[in-house]
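Please open the structure in your viewer and keep a selection panel at hand. The stops below say what to select next and what is found there.

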Amino acid sequence: MTLFPDMQTLVQFGNIGIKWYAVLMIAGVGVTFLFSLREIKKCGYNIEVAEDLAIGCFLAGLVGARIWYCLFYDLSYYLADPIRILQIYNGGLAIQGGLLAGALYGLYYAKKHKLDFVRLADCIVPNMLIAQAIGRWGNFLNQEAHGVAVTEAYFKNFPDFIKNTMNIGGQYYVPTFLYESVLNLLGFILIYFVIKKLNEKYHFMKRGDGVYFYLVWYGWSRFIVEGMRTDSLMFGPIRMAQLMSVVFIVVGVLGYLGLFRKFMKNPKPLMLFDLDGTLLDTEPAILETYRHLFEKYRTAEEFDKDKQLEVLGPPLAKMFPKYFPDKNVDELIKEYREYNFKIHPEFVKPMENAEDLLKTLKEEGYKIGIVSTKFNDGVKLGLDLFNLTQYVDIIVGHNDVKHGKPDPEGIFKACELLNEGHDSCIYVGDSATDIYAAHNAGVYSIGYIFNEDRIKVLEDAKPNVIIRDLKEIKEIVKEDHPWTYNMM
């Protein structure tokens with residue numbers, strides 16, 4: 001094993017060498033993955049989605065980059081001996097071909113797994129600029145992708161290591177790799193750390209804008225740098241990279257101006273509801289049942305105002321160990337359910353306008369589901385009491401998930417049962433726990449207030465919108481935007 005046998009090679013094992021170009025390319029992909037993973041998680045996707053896309057897009061991009069290079073470098077040369085196409089170790093990758101092939105794989109993956117392609121692209125594509133910035137240093141070490149010959153004076157303000165490496169065969173060349181690397185890095189900083197941060201405050205971006213910003217920035221910067229290079233791939237008399245750069249700029253500008261959105265209408269969102277305190281006023285029944293248990297196992301006086309507010313929302317399995325640490329939780333849950341079911345007819349009633357809302361949504365073709373911390377039979381009991389079951393397509397209760405709210409598992413399960421992804425979904429709930437579950441799933445959240453004592457807690461959870469009457473949802477669903485937490 002020999003370390004650094006030459007400028008292009010990191011390590012040599014006999015006749016096999018690991019090139020710096022490959023190391024830097026993989027490093028760029030790795031950094032892009034880390035930044036993209038953060039965005040992907042915010043959208044409610046799990047790490048497996050990020051990993052699958054990283055591997056698939058990388059491999060597809062590698063194939064696409066090689067094919068693109070062979071097509072526009074000297075197709076007859078490669079067709080004369082097709083095995084040369086596979087000899088990637090001799091050099092020859094074109095990033096624009098890699099970008100197109102990676103995008104095609106992403107589209108295939110999104111369609112297969114019922115994910116929103118544009119939303120995924122927003123998570124990943126702008127971060128490609130950091131991979132491109134790193135990858136250009138592989139061109140530097142290979143002494144390729146440079147510009148025209150210049151005198152040594154050109155490098156007066158450059159570090160010596162750049163000047164010396166750009167001395168190829170006794171002649172200095174313009175370091176176009178450096179210009180493109182710096183421009184890519186600046187574009188990444190602008191989009192990731194400036195535009196996205198401003199959007200968090202002013203909410204001016206729409207779904208797809210991250211991709212469109214990337215296309216415009218990369219398009220104009222590559223067009224300029226490509227004009228300085230001496231090794232461009234050609235399409236007749238036209239530099240292929242400049243032609244594609246113009247296409248990127250046009251697509252980016254038209255996309256940002258909203259042309260493509262006119263042909264891509266946002267689908268109707270899935271309508272998912274919490275049950276207690278949202279569709280049914282079960283608060284009196286819940287409080288009466290807790291009061292019954294406190295009277296039996298503690299004292300009625302201990303069930304004060306603070307505890308009454310605290311028990312509304314969280315699952316029984318979370319609250320019982322706190323208030324009844326010496327009791328068996330499973331047995332206590334059983335006792336709670338038996339008493340609560342018995343008093344349902346007396347203490348439970350539907351929320352004002354709940355039936356009217358569900359009926360309207362059903363007639364207009366919305367898919368409707370319930371995601372509750374209650375067991376399924378408890379959910380069905382409440383719905384059946386007031387003939388609301390007819391409007392509901394699916395129920396996800398406590399016994400359908402391993403992790404209750406605020407974990408997003410219940411929301412994802414509901415989407416799965418409705419045979420849809422979660423990229424266009426509204427979750428309506430009355431507690432902070434409901435809103436945090438929606439945030440964790442990356443879906444649009446509506447906070448419903450009917451108890452003014454809980455307004456501060458709900459506001460602090462920061463739902464997308466707060467309502468005081470369920471009928472307001474009829475107007476909200478008419479809005480034309482993606483139904484996700486970040487509205488993108």
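**Loops, rings and cavities**

Begin by selecting Lys114, which lies in the loop between α4 and α5 (117–124); bear in mind throughout that this is a predicted model. The phi of Lys114 is near 60 degrees, a positive value in a residue other than glycine, and Lys114 counts as partly exposed because its relative accessibility is 41%, between the 20% and 50% limits. Most residues other than glycine have a negative phi, and most peptide bonds are trans.

Move next to Gln143, in the loop between α6 (128–142) and β4 (149–150). Although Gln143 is not a glycine, its phi is positive, at about 55 degrees, and with a relative accessible area of 23% this residue is partly exposed.

For the peptide bond itself, select Lys405 and Pro406, which are joined in cis with omega at about 15 degrees. Pro406 lies in the loop between β13 (394–396) and α17 (409–417).

**Aromatic pairs and charges over rings**

A pair of aromatic rings is described by the distance of the centres and the angle of the planes. The count for this model comes to 37 aromatic pairs. One of them is formed by Tyr105 and Tyr109, a tilted pair with 6.3 Å centre to centre and 35 degrees between the planes. Both residues lie in helix α4 (residues 95–112), four residues apart, which is about one turn of the helix. Which of the two is buried, and which is partly exposed? Tyr105 counts as partly exposed at 24% relative accessibility, whereas Tyr109, at 6%, counts as buried.

Then select Phe155 and Phe158, an edge-to-face pair with 5.3 Å centre to centre and 65 degrees between the planes; Phe155 and Phe158 are both buried. For a wider view, select Tyr290, Phe294, Tyr297, Phe303, Phe320, Tyr323, Phe324 and Tyr336, which ring pairs link into a cluster.

Two further selections bring a charged end over a ring. The charged end of Arg84 sits over the ring of Tyr77, 4.1 Å from its centre, and that of Lys268 sits over the ring of Tyr366, 5.0 Å from its centre.

**Cavities**

Rolling a probe the size of a water molecule over the atoms shows where empty space is left. The structure holds three cavities of 30 Å³ or more, and the largest has a volume of about 390 Å³. To find the largest cavity, select Asp276, Ile286, Pro314, Thr373 and Lys374, the closest to its centre of the 31 residues that line it. The elements that give two or more residues to this lining are α11 (283–297), α13 (316–323) and α14 (329–347), with the largest share, five residues, coming from α14. By class, the lining of the largest cavity has 13 nonpolar, nine polar and nine charged residues.

The second largest cavity holds about 60 Å³ of space, and its lining is made of Val371, Ser372, Thr373, His398, Val401, His403, Gly404, Lys405, Asp407 and Gly410. Its residues divide into two nonpolar, six polar and two charged.

**The whole chain**

Finally, select the entire protein chain, whose secondary structure comes to 20 helices and 16 strands. Its radius of gyration is 29 Å, well over the 23 Å that the globule rule gives for 488 residues, so the chain is more spread out than a compact globule. The C-alpha trace spans about 95 × 50 × 45 Å along its principal axes, and buried residues make up 48% of the 488 residues.

Note on methods:
Residues are numbered from 1 along each chain as its sequence is written. This is a predicted model: local features need pLDDT of at least 70, side-chain atom pairs count only at pLDDT 80 or more; totals for chains, interfaces and linings use all residues. Side-chain values use heavy atoms; hydrogens and water are left out. Rings of Phe, Tyr and Trp (its six-membered ring) pair if their centres lie within 6.5 Å; planes under 30 degrees apart count as stacked, over 60 as edge-to-face and the rest as tilted. Buried means under 20% relative accessible area, exposed over 50%, partly exposed in between (1.4 Å probe, protein chains only). A charge sits over a ring if NZ of Lys or CZ of Arg is within 6 Å of the ring centre and within 35 degrees of the ring normal. On a 1 Å grid over the protein atoms alone, a cavity is a set of points where a 1.4 Å probe fits but cannot get out, and a pocket is an open set with protein on both sides within 12 Å along at least five of seven lines; lining residues have an atom within 4 Å of a point. Grid points are joined across faces, edges and corners, and a volume is the space filled by probe spheres set on the points. Ala, Val, Leu, Ile, Met, Phe, Trp, Tyr, Cys and Pro count as nonpolar, Asp, Glu, Lys and Arg as charged, and the others, Gly among them, as polar. The radius of gyration is taken over C-alpha atoms; the globule rule is 2.2 Å times the number of residues to the power 0.38.
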